[in-house]
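Student: I have a new structure open and would like to learn how to read it. Could you take me through it feature by feature?

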Amino acid sequence: MVTASDGKEAIELLDYSLYDIVITDLRMPRMNGMELISKLKGSRENRTLGIIIVSMVTNKDTKADA
């Protein structure tokens, strides 16, 4: 298991290795979870990467977007 302290660090780690799944929060410093998901899905290498979101976000629209 590899951990990142924020979305930017996660993107940097994903540039160097391939992973099967990412578990993320929506609230993170430097790059939030929605930005991370958008970058991952926009990347050819990570387009099929599984993403699990675990978050305390309560806004229904944000949860639906995620």
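Tutor: Happy to, and let's begin with one residue: Ile52 sits in strand β2, residues 50-53. Helices (H or I, at least four residues) and strands (E, at least two) are DSSP runs, numbered from the N terminus. Before we go on, this is a predicted model, where local features need pLDDT of at least 70 and side-chain atom pairs count only at pLDDT 80 or more, while totals for chains, interfaces and linings use all residues. Residues are numbered from 1 along each chain as its sequence is written, and side-chain values use heavy atoms, with hydrogens and water left out.

Student: Is Ile52 buried, partly exposed or exposed?

Tutor: Buried means under 20% relative accessible area, exposed means over 50%, and partly exposed is in between (1.4 Å probe, protein chains only). Ile52 has 38% relative accessibility, so it counts as partly exposed.

Student: Which residues form a nonpolar patch with Ile52 on the surface?

Tutor: Patches are built from residues with over 30% relative accessible area and no salt bridge; like charges are joined within 9 Å, and nonpolar side chains (Val, Leu, Ile, Met, Phe, Trp, Tyr) within 5 Å. Here the patch consists of Ile21, Ile23, Ile52 and Val54, and together they have about 370 Å² of accessible area. Such areas come from the Shrake-Rupley method with a 1.4 Å probe, and for residues only the protein chains shown count as cover.

Student: You mentioned salt bridges. How many does a search of the whole structure find?

Tutor: A salt bridge is a side-chain nitrogen of Lys or Arg within 4 Å of a carboxyl oxygen of Asp or Glu. The search finds one. It joins the side chains of Arg30 and Asp6, at 2.9 Å from N to O. Distant parts of the chain are linked by this pair: Arg30 is in the loop between β1 and α2 (33-42), Asp6 is in the segment before α1, and they are 24 residues apart.

Student: And are the two partners buried or exposed?

Tutor: Arg30 has a relative accessible area of 55%, so it is exposed. Asp6, at 8% relative accessibility, counts as buried.

Student: What about the backbone of Arg30: what is its phi?

Tutor: Arg30 has a positive phi of about 65°, although it is not a glycine.

Student: What else can I compare with Asp6 by distance along the chain and in space?

Tutor: Try Arg27, found in the loop between β1 and α2. Arg27 is exposed because its relative accessible area is 59%. The C-alpha atoms of Arg27 and Asp6 are 9.1 Å apart, with their positions 21 residues apart along the chain. For Asp6 and Gly33, 27 residues apart along the chain, the C-alpha separation is 8.6 Å.

Student: Where does Met1 fit in?

Tutor: Met1 belongs to the segment before α1. With a relative accessible area of 97%, Met1 is exposed. Its C-alpha atom is 9.7 Å from that of Tyr19, 18 residues away along the chain.

Student: Last one: how do I read the largest pocket, and what is its volume?

Tutor: On a 1 Å grid over the protein atoms alone, a cavity is a set of points where a 1.4 Å probe fits but cannot get out, whereas a pocket is an open set with protein on both sides within 12 Å along at least five of seven lines; lining residues have an atom within 4 Å of a point. The largest pocket has a volume of about 410 Å³. Its lining has 18 residues, and Val2, Thr3, Ala4, Val22 and Ile23 lie nearest the centre. Both α1 (7-16) and β1 (21-24) supply at least two lining residues each.

Notes. Grid points are joined across faces, edges and corners, and a volume is the space filled by probe spheres set on the points.
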